[in-house]
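Student: Could we go through this model together, taking the core and then a couple of individual residues?

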Amino acid sequence: MQISIRYFTTLREITGKKEEHLVVPENQKPTVTSVLKILSDIHGKSFTDYVFDTEGKVKRCLQVLINGTNIFTLKQQEVLFQEGDVLAILPPVSGG
């Protein structure tokens, strides 16, 4: 299964990429958390510190979208990906 990941601002700098494609073995059922942990292994401590809190959960200040829907709107981080899904990780939004 292939998942597209899109990065913005700081994560674009950390990964050196605007987008990448992650191939997950068919026998695995990838969730947001498992995919982000794979990406942490690939991109290192800076990625991990940016995405996860001290308890190992995805930071709620980030906008983490699957096909345009925020995972926190879905009320779970364990949403299963489908072939061709797009994961976008956006920085915290501030008003002004």
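What follows is a short exchange on the core and on two residues, bearing in mind that the model is predicted.

Student: Which helix gives the most residues to the largest nonpolar core?

Tutor: The largest nonpolar core holds 25 residues, and among those that touch the most other members are Leu36, Phe47 and Phe81. Strand E1 (2-7), helix H2 (32-43), helix H3 (45-51), strand E3 (63-66) and strand E5 (86-90) each supply at least two residues. The element that gives the most, with four residues, is H2.

Student: Is Thr15 buried or exposed?

Tutor: Thr15 lies in helix H1, which covers residues 9-15, and, leaving aside neighbours within four places in sequence, Thr15 is in contact with Tyr7, His43 and Phe47. Its relative accessibility is 11%, and because buried means under 20%, Thr15 counts as buried.

Student: Which backbone oxygen does the side chain of Thr15 reach?

Tutor: The helix that holds Thr15 is H1, and the side chain of Thr15 makes its approach at 2.8 Å. The backbone oxygen it reaches belongs to Leu11.

Student: How far from Asp85 is the nearest side chain of opposite charge?

Tutor: Asp85 sits in the loop between strand E4 (69-70) and E5, where a polar atom of the Asp85 side chain lies 2.8 Å from the backbone nitrogen of Gln82. Not counting residues up to four places away in sequence, Asp85 touches Gln2, Ile3, Ser4, Ile66, Asn67 and Leu80. Asp85 is buried yet has no salt bridge, and the nearest side chain of opposite charge, that of Arg6, is away by 11 Å.

Note on methods:
Residues numbered from 1 in each chain as written. Predicted model: local features only at pLDDT ≥ 70, side-chain atom pairs only at ≥ 80, totals over all residues. Heavy atoms only, no water. Core = buried A, V, L, I, M, F, W, Y, C linked by side-chain atoms within 4.5 Å. Buried < 20%, exposed > 50% of the residue type's maximum accessible area, 1.4 Å probe, protein only. Polar contact = N/O pair within 3.5 Å; in protein donor to acceptor, adjacent residues only side chain to side chain. Contact = heavy atoms within 4.5 Å. Lys, Arg positive; Asp, Glu negative; His and termini not counted. Salt bridge = Lys/Arg side-chain N within 4 Å of Asp/Glu carboxyl O.
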